[in-house]
Amino acid sequence: EGKTLLPQRLSGDRQANYHFAVNPSAEQGVIELNPQSGEITLLNVGYAAVDVTADYGPAFSQSRQTASFTVNVVQGVRKAPLAVTDLQAVYADGRLLQPDVEHALAAITYQVVQGNSITIDRVSGLPAVQGVGRGVVEALDFRDERFPAATARFTVDVSRAPHPGLAAEDITLDYRPGLSLLPSFSGVQGGLVFSSDDDAVAKVTSGRVYIQGTGVAHISAADDGGELYGAAQQQLLLTVRPGEHPLMQVTPLVMEYADSCISLAGQIQGNRGALQLLGSSNEAIARVDSAPQCLQILAAGSTQVSVKASASALYRESSPITVPVRIENAGSRLKVAGTVEATYGGAVLQPPAVSGTVGVVRYRIADGAARQVVSIDEQSGAMTILGAGFTRILVADSGSDSVSPGEAEFDVQIAPAANTSAVSYAPA
C-alpha cells in the first residue's frame, strides 16, 4: 500500500519537457500519478495506462511526441497469516466478544461454523453469547482486495454463569384439610426441588408441599440452574396456624323427664376439640353442671343450651352454637310391691310398699271391688278388716310438672278365722 514507482525512459531527448497523465480509458483508482516527475503511487490492484508527452521545442522537426505504457498491479503478499486467539467466556445473554485478531488487513467478518453457544450480532458483526458450551468461529479477512483473502478459526468456550440467586417471601397460612401449595421463588433458572425439615407440619410429595399440621417448617428449594447457570439453594419459613373450626351439625335433644345429668356429645357432630357447655336459656328446665360438663334435667319444658368446641392442635376455638332441648313429661312410674293376705280378725293392715311416687298419693277401693272386706284410710292406706273375702285397692299418684299422674292396684285376701266353738250333750 502506497508503494511508489518511477518510470524509466527508454528513448528521447533529455532536454525535452515530459508530462505524465493517466489514460482516461484506464481503470480508475489503481494508481496515483505525479504529472511532472511521473512518480507512480500504487493504490489498488488492476491495470492502468499512462500517457507520456514529450515537448522538444522549436529546434526539432517534431516538437511533441506521445508514448504510453501500462501498469499492472497484482495482489501483494501478506506479511503473516491471519491468527485469532481462542476465547473463554462466562455466560451472559447477548454478551459481545472482541476476538484478539493478529495480522488483519481490514475489518473482520465472523461466521459460526460449529456449536450453538455463539451467534453473530447483526449490528456490530461481533460474536455474541447465546448459550453454554464450545463453539467454533471463523474469522474472514477479505475486504482489502490488494491482498489475498485469509481465514482463521478459533474456539469459544462459554461456561455456566453464577446463579443470580433465589428469593422468596415467608408464608403464613391457616390449617385446612387437604391444603397444598407450590411455593413461589423468584430468580429460578432451572428445575426446582423442594424439601421440608418437618414432615409433621409440611410434607413434599411429587413437587408439591402438602400441609400436615400446625407449626413451623423450613421449606428449602434447590435450583439446578438449568443449562446456563450454576446451582443455588434458598429456603423460606412456612408457618401454619390453627385453622378456623369447621361447622358443626346439631341434633335437638328430645327426652322424657328423668332426674339425671345428660351429656350432649351425641347431639353434636363435627367438633374437633372437647365440647364446653356454656349455659342454658331456661335454668328452671335444665342447667349446666360445669364440673362434669353435663346438663342437669330439672323439669319438663324447653330450653336452649349454648355449646362451643375448645381449641385443638389443628383448629381454633369454635363459635358458640345452640342445641335445642325439649324435656317431655315422663310417664308414671308408680309401682306397688305384692298383695296383702291376712286372716279375719281385728288387726289393722298396712298397705304394701309403694314406689315411684312424685305427687300426692291416695288410696281407695277399686271400682267394682268388694267393699265389705276392708275399710281403708285414704291418705295412709291403712286397712281395717271387716270380713273375710277378696277385694282390690287402687293407689293413685297425682303426678307433677314433669311426671304424669299414675295409678296402681294391689289385691287384699282375708281368710275366714278358725271356728273354736264346741258342742257337748248331757248323759240321758
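**Figure 1. A49 and T70 face each other across two paired strands.** In this predicted model, A49 of strand 5 stands opposite T70, a residue of strand 6. The two strands run antiparallel and are joined by 10 bridges, with strand 6 covering residues 64-73. On strand 5, which spans residues 46-55, eight of the 10 residues are buried, so this strand is largely enclosed by the rest of the structure. If you are following the side chains along a strand, it helps to remember that in a regular strand they alternate between the two faces of the sheet.

**Figure 2. V50 meets V22 where strand 5 pairs with strand 2.** Here we stay with strand 5 and turn to its pairing with strand 2, made up of residues 17-22. The pairing is antiparallel and runs over six bridges. Within this view, V22 stands opposite V50 of strand 5.

**Figure 3. R134 and D157 form a salt bridge between strands 13 and 14**. The closest N and O atoms of R134 and D157 are 2.6 Å apart. R134 belongs to strand 13 (residues 133-141) and D157 to strand 14 (residues 150-159), so this pair ties together parts that are 23 residues apart in sequence. The two partners do not share an exposure class: R134 counts as exposed because its relative accessibility is 53%, over the 50% cut-off, whereas D157, at 21%, counts as partly exposed.

**Figure 4. E138 and R153 are joined by a salt bridge**. For this pair the N to O distance is 3.3 Å. The link connects distant parts of the chain, with E138 in strand 13 and R153 in strand 14, 15 residues apart. Is E138 buried or exposed? E138 counts as buried because its relative accessibility is 12%, under the cut-off of 20%. Its partner R153 is exposed, with a relative accessible area of 56%.

**Figure 5. R392 and D411 form a salt bridge between strands 38 and 39**. The closest N and O atoms lie 2.8 Å apart. R392 sits in strand 38 (residues 389-397) and D411 in strand 39 (residues 406-415), so the pair ties together parts 19 residues apart in sequence. R392 is partly exposed, with a relative accessible area of 33%, and D411 is partly exposed as well, at 22%.

**Figure 6. D174, R241 and R316 are linked in a salt-bridge network**. This view goes from pairs to a network that links these three residues. Across the model, the count comes to 12 salt bridges.

**Figure 7. L295 is one of the well-connected members of the largest nonpolar core**. This core has 24 residues, and those touching the most other members are L264, L295, V305, V307 and I327. At least two core residues come from each of strand 23 (253-256), strand 26 (275-280), strand 27 (286-289), strand 28 (294-297), strand 29 (301-309) and strand 30 (321-328). Which strand supplies the largest share? That is strand 30, with four residues. Leaving aside neighbours within four places in sequence, the contacts of L295 include L264, L277, V288, V305 and V325. Also in contact with L295 are S260, C261, I262, A286 and R287.

**Figure 8. Another nonpolar core lies apart from the largest one**. This second view of core packing shows a set of 21 residues, among them V336, V361, A369 and F410.

Notes
Residues numbered from 1 in each chain as written. Predicted model: local features only at pLDDT ≥ 70, side-chain atom pairs only at ≥ 80, totals over all residues. Heavy atoms only, no water. Salt bridge = Lys/Arg side-chain N within 4 Å of Asp/Glu carboxyl O. Buried < 20%, exposed > 50% of the residue type's maximum accessible area, 1.4 Å probe, protein only. Pairing = 2+ DSSP bridges. Core = buried A, V, L, I, M, F, W, Y, C linked by side-chain atoms within 4.5 Å. Contact = heavy atoms within 4.5 Å.
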